[in-house]
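Have a look at the sequence and the model below. We'll start with one helix and then work outward to the rest of the chain.

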Amino acid sequence: MENMAEEELLPQEKEEVEVAQVQVPTPAPAPDSAPAPDSAPTPASAPAPAPALAQAPALSPSLASAPDEAESKRHISIQRQLADLEKLAFVTEGDFDSASSLNSDNLDAGNKQSCPLCPKEKFRACNSHKLRRHLQNLHWKVSVEFEGYRMCICHLPCRPVKPNIIGEQISSKMGAHYHCIICSATITRRTDMLGHVRRHVNKGETKSRYIAASAAKPPNEILKEADTDVQVCPNYSIPQKTDSYFNPKMKLNRQLIFCTLAALAKERKPLECLDAFGATGIMGLQWAKHLGNAVKVTINDLNENSVTLIQENCHLNKLKVVVDSKEKEESDDILEEGEENLGNIKVTKMDANVLMHLRSFDFIHLDPFGTSVNYLDSAFRNIRNLGIVSVTSTDISSLYAKAQHVARRHYGCNIVRTEYYKELAARIVVAAVARAAARCNKGIEVLFAVALEHFVLVVVRVLRGPTSADETAKKIQYLIHCQWCEERIFQKDGNMVEENPYRQLPCNCHGSMPGKTAIELGPLWSSSLFNTGFLKRMLFESLHHGLDDIQTLIKTLIFESECTPQSQFSVPMPSNLKQEECGVFIKTTDDTTPDNYIAQGKRKGNETVTTLAKRQKTDVSTEHPPFYYNIHRHSIKGMNMPKLKKFLCYLSQAGFRVSRTHFDPMGVRTDAPLMQFKSILLKYSTPTYTGGQSEGHVQPASEDTVADRVEMSMNDKAEASSCRRW
């Protein structure tokens with residue numbers, strides 16, 4: 001809508017620019033050319049403007065200090081061509097009462113002229129050729145260009161300068177400065193002026209848009225998502241041009257977090273929830289509107305405009321706003337007769353770190369613009385036991401190894417681009433979250449971690465106590481990654497330095513290839529990324545609230561957590577089913593009878609917790625295997641590989657755990673080594689010369705022959721390492 005407004009104002013803008021240019025006045029000036037009565041007085045050091053030049057751009061040097069002048073008028077130092085400055089010098093020095101003195105023939109008449117941008121004591125009147133050289137060398141060459149205009153350096157007393165005390169004398173030296181064409185500000189240095197104009201451009205405050213905004217402010221747009229109305233500012237999807245950023249592509253992220261909170265609300269209520277970076281407040285509004293009295297929502301933002309917009313969106317959705325423990329009376333006036341408030345929302349204007357240090361919460365969501373490592377320590381400082389912290393990171397350039405130095409600075413991790421880079425990004429964020437929790441004597445259990453195209457979402461449950469913190473810290477390990485065949489394995493625990501770390505890798509690339517073939521990545525989270533029981537509860541909540549968009553994703557996460565191929569899926573809903581997570585009995589159905597809430601939200605005794613920890617240590621094999629293989633990445637040259645669904649069945653029939661992964665649509669999560677993976681892939685692939693026969697191996701081959709062919713294909717790929725290595 002704003003772009004349309006710009007296009008409509010283009011003709012008007014051209015007329016204003018033509019009027020605003022400095023022109024030699026005609027002998028018969030227009031009747032409306034009289035000076036404005038409220039114009040600012042002209043300083044004594046600057047030449048007095050003539051009445052005939054009222055249509056010229058702000059000839060008074062003190063325009064920067066006059067807030068009542070229109071923004072469309074410009075200072076005399078802002079011109080299009082050097083000749084305009086020369087004409088301005090002649091006009092300001094000539095006789096304005098006689099029209100004959102304003103002819104262009106007198107520009108080269110040899111009369112002495114003074115500089116229009118310098119005081120008389122700084123530059124005396126001189127001939128026209130000397131003045132032209134002065135204007136070109138001192139003012140025009142050091143100007144700042146913007147949309148066809150030049151903001152020349154000005155030496156007039158437009159900018160107040162602090163006096164310098166030298167001994168007993170006071171010297172007030174006038175400093176050079178620039179006048180901004182957009183906001184009429186005065187900037188002393190040229191580099192600062194370039195940055196000042198660049199900030200205007202980033203905010204969308206160009207000349208035409210600035211005049212349009214001052215004339216008529218465009219109305220805010222109202223969007224609807226999940227039965228929640230939200231009012232957004234213009235350019236809401238461009239962070240550099242708006243205060244309240246709203247990304248429609250993050251709808252999947254918001255629905256995942258809503259299902260997480262809905263599942264947590266079944267354990268205990270009411271929950272104190274915090275949306276630390278509200279922006280438009282869409283996430284907190286959905287919590288309060290759909291969960292009702294089960295949650296007490298707090299929406300925070302440091303930007304004052306965002307706080308105002310959040311309060312308006314609360315009124316738009318018929319929700320009461322609580323500010324400083326006082327209900328706003330305006331919310332009652334907005335409601336129509338017969339309508340009631342759906343709930344209360346507390347809106348705060350505070351730094352997120354300060355707020356999380358001051359108050360305790362059961363659920364905290366962090367979604368800053370970029371990385372969230374600056375807020376993790378504060379989030380785990382006062383989070384309640386068995387609470388949940390969700391972290392959304394949008395700095396995918398560093399997490400996806402496009403800016404490795406940024407990943408090293410923010411997360412302390414050494415990473416490279418691999419075929420499993422999305423899961424690598426998720427494990428990097430979980431490792432940062434685990435370290436922050438351990439510093440606060442708290443442990444975590446990862447409920448799920450999702451890495452899609454434009455964000456990484458990690459949701460963890462908090463377990464208080466130094467024992468849980470120690471167990472969490474042990475799960476942060478380094479990864480050995482082979483640069484040739486993409487094989488990978490976590491380093492073994494122990495304090496002893498291993499003589500040959502290449503022995504830990506299942507591949508034999510180091511023995512057949514010269515030089516160093518592997519690299520150490522991390523530290524990373526080495527344990528499970530999914531909790532099957534919690535994901536099933538999330539799926540039930542998505543069905544209960546009618547969130548059809550994320551049900552497919554949650555089902556994929558459930559199969560990925562169990563590492564089983566997808567089959568006919570149904571949601572179990574027995575009436576008295578409870579499950580155990582982190583030593584907690586949790587109800588999985590929507591039945592609200594008092595019997596089902598026995599021991600919910602209560603930690604077990606120390607003996608039971610110790611037994612649970614021992615069982616988790618011994619039952620490591622039940623966790624899903626880390627990382628995945630891309631079937632296209634490891635395809636055999638000259639062979640048509642089978643369909644992904646059939647290939648999963650072939651791996652499962654061979655006795656390996658296998659499932660698809662949401663990280664990669666063509667990825668296969670399996671505990672099979674890469675050699676076995678390629679062996680089965682080769683066995684059930686068809687040669688290309690058969691003309692696309694039916695899938696399956698044409699003739700049986702011995703295991704030795706298959707292994708030899710796999711090894712030969714690996715050697716061929718090693719020769720073309722420049723194409724395969726990242």
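## One helix, two sides

Which residues in helix 13 are buried? In this predicted model, helix 13 spans residues 404-411, and the buried ones are Val406, Ala407 and Tyr411. They sit on the same side of helix 13 because the arc they cover around the axis is only 100 degrees. Flip to the other side of helix 13 and you get His405 and Arg409, which are exposed.

So what do the buried residues of helix 13 pack against? Their partners are strand 16 (383-393), helix 12 (396-399) and helix 14 (421-439). Right after helix 13 comes Gly412, with a positive phi near 65 degrees.

## Two helices crossing

Next up is the pairing of helix 6 (residues 251-265) with helix 17 (residues 532-545). Their axes are 8 Å apart, and the packing angle is about 105 degrees. An angle of 65 to 115 degrees counts as roughly perpendicular, and helix 6 and helix 17 therefore fall in that class.

On the helix 6 side, the contact involves Leu256, Phe258, Cys259, Thr260, Ala262, Ala263 and Leu264. Helix 17 brings Phe534, Arg537, Met538, Glu541, Ser542 and His545. Sort the residues of this contact by type and you get eight nonpolar, three polar and two charged.

## Aromatic pairs

How many aromatic pairs does a search of the whole structure find? The count is 10. Take Tyr420 and Phe627: their ring centres are 4.5 Å apart and their planes are at 50 degrees, so this pair is tilted. The two are 207 residues apart, with Tyr420 in the loop between helix 13 and helix 14, and Phe627 in the loop between helix 19 (606-618) and strand 24 (629-630). Both rings belong to buried residues: Tyr420 has a relative accessible area of 0%, and Phe627 has 1%.

Phe647 and Phe677 make another pair, with centres 5.2 Å apart and planes at 85 degrees, so this one is edge-to-face. Phe647 lies in helix 20 (residues 644-653) and Phe677 in helix 21 (residues 674-683), so the pair ties together parts that are 30 residues apart in sequence. Phe647 is buried at 0% relative accessible area, and Phe677 is buried at 0% too. Back at Tyr420, there is also a cluster to note: Tyr420, Phe490 and Phe627 form one aromatic cluster.

## Backbone spots to check

If you're scanning torsions, two prolines deserve a look. The peptide bond from Lys269 to Pro270 is cis, with omega near 0 degrees, and Pro270 sits in the loop between helix 6 and strand 10 (271-275). Gly522 and Pro523 are also joined by a cis peptide bond, with omega about 10 degrees; Pro523 lies in strand 21 (residues 518-525).

Then there are positive phi values outside glycine. Asn441 has phi near 60 degrees and belongs to the loop between helix 14 and strand 17 (442-451). Cys563 has a positive phi of about 55 degrees, in the loop between helix 18 (551-562) and strand 22 (578-581). Asn441 is partly exposed, at 47% relative accessible area, whereas Cys563 is buried, at 3%.

## The whole chain

Zooming out, the protein chain holds 23 helices and 28 strands. Of its 726 residues, 48% are buried. And among contacts between residues at least 6 apart in sequence, 64% join residues at least 24 apart.

Key: Residues are numbered from 1 along each chain as its sequence is written. This is a predicted model: local features need pLDDT of at least 70, side-chain atom pairs count only at pLDDT 80 or more; totals for chains, interfaces and linings use all residues. Side-chain values use heavy atoms; hydrogens and water are left out. Buried means under 20% relative accessible area, exposed over 50%, partly exposed in between (1.4 Å probe, protein chains only). Helices (H or I, at least four residues) and strands (E, at least two) are DSSP runs, numbered from the N terminus. The arc is that of the directions from the helix axis to the C-beta atoms. Contact means heavy atoms within 4.5 Å. Axes are lines fitted to C-alpha atoms, for helices over the stretch in contact, and angles run from 0 to 180 degrees between N-to-C directions. Angles under 35 degrees count as roughly parallel, over 145 as roughly antiparallel, 65 to 115 as roughly perpendicular and the rest as oblique. Ala, Val, Leu, Ile, Met, Phe, Trp, Tyr, Cys and Pro count as nonpolar, Asp, Glu, Lys and Arg as charged, and the others, Gly among them, as polar. Rings of Phe, Tyr and Trp (its six-membered ring) pair if their centres lie within 6.5 Å; planes under 30 degrees apart count as stacked, over 60 as edge-to-face and the rest as tilted.
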